[in-house]
There are 2 protein chains.
Amino acid sequence: MADQTGLRERKKAATKAALSQATLRLSVEKGGIDAVIADDIAAAAGVSTRTFHNYFPSKEAALLYDFNELVAQMIGALRERVRDRPVWDALRDACISMRIDERFDLELLQCREQLIHGSPSLISYQATQFVAFFTEALGIVAEATGSDEDDMYPRLVLGAALLSMKVANEHWLAHPDRPLDEVIAEAFANFETGLARPHDHAP
Amino acid sequence: MADQTGLRERKKAATKAALSQATLRLSVEKGGIDAVIADDIAAAAGVSTRTFHNYFPSKEAALLYDFNELVAQMIGALRERVRDRPVWDALRDACISMRIDERFDLELLQCREQLIHGSPSLISYQATQFVAFFTEALGIVAEATGSDEDDMYPRLVLGAALLSMKVANEHWLAHPDRPLDEVIAEAFANFETGLARPHDHAP
DNA sequence: AGGAAATTTTGCAGAAAGTGCAAGTTTTCT
DNA sequence: AGAAAACTTGCACTTTCTGCAAAATTTCCT
């Protein structure tokens with residue numbers, strides 16, 4: 001994606017990163033993305049407001065830029081894994097393979113979680129991205145399970161997996177004392193033997 | 001809610017309903033809520049644009065007005081049921097008790113589903129409502145299971161239940177040949193014995 | 001019924017997001 | 001260097017949504 005080609009490409013990448021970072025910084029400073037206006041972000045990154053909107057359709061997109069990158073990668077990770085193991089395992093392994101804990105700074109993640117939690121506009125934006133992701137992943141899952149796309153099963157499996165990942169992530173951000181992959185595995189395990197009773201978790 | 005008190009109350013309810021219906025009608029006519037502007041909705045309902053925004057914060061809220069009413073009722077339904085049965089059963093029964101199939105016209109639901117599916121702004125809005133609902137329901141589930149609110153289990157159970165309901169609803173809208181409660185029960189059943197293999201469903 | 005009080009409607013002004021367009025800059029390529 | 005391609009910018013414009021104060025309407029009390 002970030003090909004080390006010409007100066008132009010590098011500049012563009014730098015601008016995009018600067019805009020994204022500026023959005024985060026300003027949002028934290030002002031205690032919420034809604035208190036930040038596009039003009040300020042553009043100014044902070046040293047470009048015009050119009051240019052900001054050339055790079056991102058909204059403040060929300062700017063703030064969650066690298067998160068979206070990550071989500072995009074997960075499609076690939078999933079596609080690889082469904083070839084040589086059961087869907088459920090493929091989903092779990094794909095989630096774990098994202099290595100969010102290694103790729104991002106814990107504080108940054110917590111910070112962003114805070115912002116998302118407190119802002120309807122960010123929740124909204126994320127939901128839209130989620131739906132797009134779900135739709136794409138659904139095709140993979142449906143094919144892997146040999147089911148029709150409007151069967152309930154692939155949707156339930158995929159939904160449960162993404163729910164596990166989301167819940168595990170949130171939990172880990174609040175209690176970063178255990179490794180993330182372990183927490184993800186534990187969340188997934190809850191679906192493996194029936195949900196009726198709480199699943200025992202490792203001490 | 002719709003107390004048959006004075007004229008004023010009745011007029012307000014009528015206006016609100018008129019605005020909501022006008023939003024739906026115009027959205028269908030123009031093939032998407034994004035093609036409809038607030039001015040048109042207000043005009044169609046015979047009030048000023050400002051008044052439209054007195055009733056609803058957005059077009060999306062107007063379109064999904066009665067859906068939100070329903071979601072609000074589900075909190076009550078759930079709270080009742082967690083008292084005398086296991087959480088999972090309470091969740092399933094609460095979902096079924098909504099009787100969406102009886103309370104709404106099938107065509108209207110399909111119509112709205114179509115609109116939501118094709119509009120990021122509606123997806124966004126619904127997500128925000130969903131998060132609010134999830135948060136409130138989580139308190140109930142956590143208490144009922146005797147777990148802490150930041151344990152993963154209550155979130156997973158609640159998430160799985162709402163996922164089941166959503167998937168069942170979508171499936172039923174696309175294939176309304178079986179009764180909705182049966183479809184919901186089937187979706188829930190997938191989580192009762194482990195997700196590893198597709199759950200057999202009644203022929 | 002009549003009039004005061006409470007509530008609702010409405011228009012206006014204004015902030016902010018987001019988009020199209022055309023002109024000005026910068027990078028690339030030959 | 002110089003033409004071509006790509007990027008940036010300013011400007012005008014549409015739309016959403018909010019605050020405020022003036023009108024209009026409903027309710028309530030006597």
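Which residues are the closest to DNA strand C? In this predicted model, the closest are A:Gly6, A:Ser58, B:Val47, B:Ser48 and B:Thr51, among 19 residues that surround the strand. Both chains contribute helices to the surface near DNA strand C: chain A gives two or more residues from each of helix H1 (7–30), helix H2 (38–45) and helix H3 (49–55), and chain B does so from helix H1 (7–30) and helix H3 (49–55). By class, this surface near DNA strand C holds 7 charged, 7 polar and 5 nonpolar residues.

Chain A is assigned two domains, domain 1 (7–58) and domain 2 (64–189). The centres of domain 1 and domain 2 of chain A, taken over C-alpha atoms, are 26 Å apart. Where these domains of chain A touch, domain 1 provides 8 residues and domain 2 provides 9 residues. The side of domain 1 of chain A that touches domain 2 consists of 4 polar, 2 nonpolar and 2 charged residues.

Between the chains, 33 residues of chain A are in contact with 32 residues of chain B. On the chain B side, helix H9 (120–144) and helix H10 (152–174) each supply at least two residues. H10(B) accounts for the largest share, with 13 residues.

The class make-up of the three surfaces is set out below.

| Surface | Nonpolar | Polar | Charged |
|---|---|---|---|
| Surface near DNA strand C | 5 residues | 7 residues | 7 residues |
| Side of domain 1 of chain A that touches domain 2 of chain A | 2 residues | 4 residues | 2 residues |
| Side of chain B that touches chain A | 20 residues | 9 residues | 3 residues |

Terms used: Residues numbered from 1 in each chain as written. Chains lettered and ligands numbered in written order. Predicted model: local features only at pLDDT ≥ 70, side-chain atom pairs only at ≥ 80, totals over all residues. Near = placed C-beta within 6 Å. Helix = DSSP H or I, 4+ residues; strand = E, 2+ residues; numbered from the N terminus. Nonpolar A, V, L, I, M, F, W, Y, C, P; charged D, E, K, R; others polar. Domains from an automatic or database assignment. Contact = placed C-beta atoms within 7 Å.
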